[in-house]
Amino acid sequence: MEDFVYFFTFQDPSIAWVVIGITLLGIGSAYVGTFSFLDKKALLGDAISHSVLPGICLGFILAGEKNPLYIVTGAFLAGGLATFLSSWLKKNTKLSEDSIIATILSVFFGFGIVMLTALQKSGNPEIAGLNSFIFGNAIGISEFDLMIYGGLSLTIILVLTVFLKEFRLMVFDPAFGRAIGFPINGIRFLFNVLMILAVVIGIQAIGVVLMAALLITPGAAARFWTDRLNSLLILAALFSILSGILGTYISFVIPQMPTGPWVVVFLSLFALISFLVSPKSGIIFRYLKRKNYLRKTHRDHLLKSLYKALEEGQKGLLIDKIYELYPFQKKEIHQSIIDLNKVGYIYNNQGIIILTDSGVTEAMRVVRLHRLWELYLNESLKIAPDHVHESAEQMEHLLTPELEELLEKRLNFPSLDPHQETIPREKNDLR
Amino acid sequence: MVTQIENPVLEIHDLTVSYDQTPVLWNVDFSLPAGKLIGILGPNGAGKSTLIKAIMGLIPPTSGYVKIFDKPINDVRARISYVPQRESVDWNFPASVLDVVLMGTYGKLGLFKRPGRKEKELAMECLEQVGMTGFVNRQISELSGGQQQRVFIARALAQQADLYLMDEPFAGVDMATETAIFQLLRDMASSGKTVLVVHHDIHSAMNFFDWVIMLNLHLVASGPKSEVMTEELLRKTYGGKLNLLTKVTDLISKKEFNPLKS
């Protein structure tokens, strides 16, 4: 708890710096990553992030120490080479994109690991810090590091904001972009540069292995919540910042704990929550919607049975009789009786279930939709009368008042369905 | 049968286009008049879309050239509007109908500038012309095929061009929409715009177009509808197999290098 207060009150200026840094990094990478996710280029980000490792090592060798300028430049060049190679191979060979990306990722990363191991054997005391580039260590960032990584993040955010319209066009409809004379190839080149930069800014805090997650997961998680590009970008940035800060906190509290994996754990948590509970596309939401719908269908069926009893001259039905009608749905019917009683469509008179006035109206509506649909199938679509019941059983719960009106007009307000049963309306009320 | 025109809106000179190294259009040469509704007809794989893309400069020609308003395409892009095939984009992209129609104003805005109120008003007018005002804020994935097509046409209208190139705007569109869109295109043509439409249905082509281009790897005919819609030319376009041309194409695509490249 003490740690928590100490960390989140930012008493320690170095913590404040790290949090500012990770916030900028989060916005920058989520921003770029969302576009590459929409562009279906998620794997490329993974390839680039693994490919920067040899560049980091080369920068270290040339500088002889952990100088961020050398390391960032080395990483950027290696990432650039990987990006260039992947598009060159795609253009000039018949290899598929995924095999190209897999090859580049493993070749570059393997080469980087070889260099890293060789460096570790060299006995340079500065080498210890180099390991943090694999899984990231946000706490170990120096102020000078922050200036460089933060500055680069700001550049990325700025360029993306200025060119928002152009990048939107590049992802959605590049052919149209070319047709109106936009330099789409140039815009794509600029985007690739930003993508490599977004990887490079994360190597210290998140590490090369997991940086792709910080690029792609925020956008993917945010996509569950919104259908608009602007809110998608903002939400993705928010997920990314929160995970970044939480991950940094963990690696601050627990010594020797790398930051990258924890950031990814929190990001995945956000993604999982989004997948489960977001409205429209979340699975829990869809499950509840479906459950509610099924409950409504059971209520409609009970109303129909009561109405049919009314047609046969019975004022109501014994509860036991109702259960007999639906032998495998006792629980559901029990629930329907409670529900319908609550809304005042039925009442229970000494074990006999009777429709109220409003209940009769509602039951008539369901029966009417059922019979109208049967007639429509039979008359307009020429389907035999003994084939129309199943479909009507489903449509009676779905048809809207507008569609009902259309059906009535189309069929010219019919009085009988294909089975010669009356289509109930207010004028032939049985009450 | 090719009718050439003095002072054409669009002039295509001896155009050959290849994908990778497989030629898909052979020596196409025609010119088009202004203010006409023009149909490009031909069977599947005849190179209709390729022709449109080559005109827009989206595919570099192997040989030949295209001139629009007597200038190379890059000088007159602001006056040309392009409707790509509906399937060419991902309709799950997070955008509203308005967002997409606003893209039609990007060309005149140029780089950096964002669409403002003036552009939004224009977009709304264009949506009204295609009868989609009620869908302004709808997510594009929720639209039917016909509605998506109308959004694309509204986007093209927002370009305020003089020449319109449309790639299969009637694919997957219901009858009512087809008639409405054709009426709109007809009005555009009578106000002096030139509208070029890739189309697959010969029957409706008979009714709608003023001028027809028939294509099947090579140019079969280009001229006023009354002159080119003959049984003989239609059979040439759709019926007979182009055995020789197809064999040459196979020969070229099997080479280890591109023999047409100079």
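Helix axes here are lines fitted to C-alpha atoms over the stretch in contact, and the angles between them run from 0 to 180 degrees between N-to-C directions. Keep that in mind for the first view of this predicted model.

**View 1. Helices H3 and H5 of chain A cross each other.**
Here we're looking at helix H3 (residues 42–51) of chain A and helix H5 (residues 68–92) of chain A, whose axes come within 8 Å and cross at roughly 140°. Because that angle falls outside the roughly parallel, roughly perpendicular and roughly antiparallel ranges (the last one needs over 145 degrees), H3(A) counts as oblique to H5(A). As for handedness, the crossing is right-handed.

**View 2. The residues where H3(A) and H5(A) meet.**
Which residues make the contact? On the H3(A) side, look for Leu44(A), Ala47(A), Ile48(A) and Ser51(A). H5(A) brings Ala78(A), Gly79(A), Ala82(A), Thr83(A) and Ser86(A).

**View 3. How confident the prediction is along chain A.**
Chain A has a mean pLDDT of 89, with 99% of its residues at 70 or more. Confidence is lowest in helix H1 (residues 2–8) of chain A, where the mean is 78. Head over to helix H9 (residues 164–172) of chain A for the highest, at 94.

**View 4. Chain B and its overall fold.**
Chain B is built with 10 helices and nine strands, and its C-alpha trace spans about 55 × 40 × 35 Å along the principal axes. Its radius of gyration is 19 Å, which agrees with the value near 18 Å for a compact globule of 262 residues. Of the 262 residues in chain B, 42% are buried. Among contacts in chain B with a separation of 6 or more, 72% link residues 24 or more positions apart.

Technical notes. Residues are numbered from 1 along each chain as its sequence is written. Chains are lettered from A and ligands numbered from 1 in the order in which they are written. This is a predicted model: local features need pLDDT of at least 70, side-chain atom pairs count only at pLDDT 80 or more; totals for chains, interfaces and linings use all residues. pLDDT is the predictor's confidence in each residue, from 0 to 100. Helices (H or I, at least four residues) and strands (E, at least two) are DSSP runs, numbered from the N terminus. The radius of gyration is taken over C-alpha atoms; the globule rule is 2.2 Å times the number of residues to the power 0.38. A residue is buried if 20 or more other C-beta atoms lie within 10 Å of its own, exposed if 12 or fewer, and partly exposed in between; C-beta atoms are placed from the backbone. Two residues are in contact if their C-beta atoms, placed from the backbone, lie within 7 Å. Angles under 35 degrees count as roughly parallel, over 145 as roughly antiparallel, 65 to 115 as roughly perpendicular and the rest as oblique. A crossing is left-handed if the near helix is turned anticlockwise from the far one by less than a right angle, and right-handed if clockwise.
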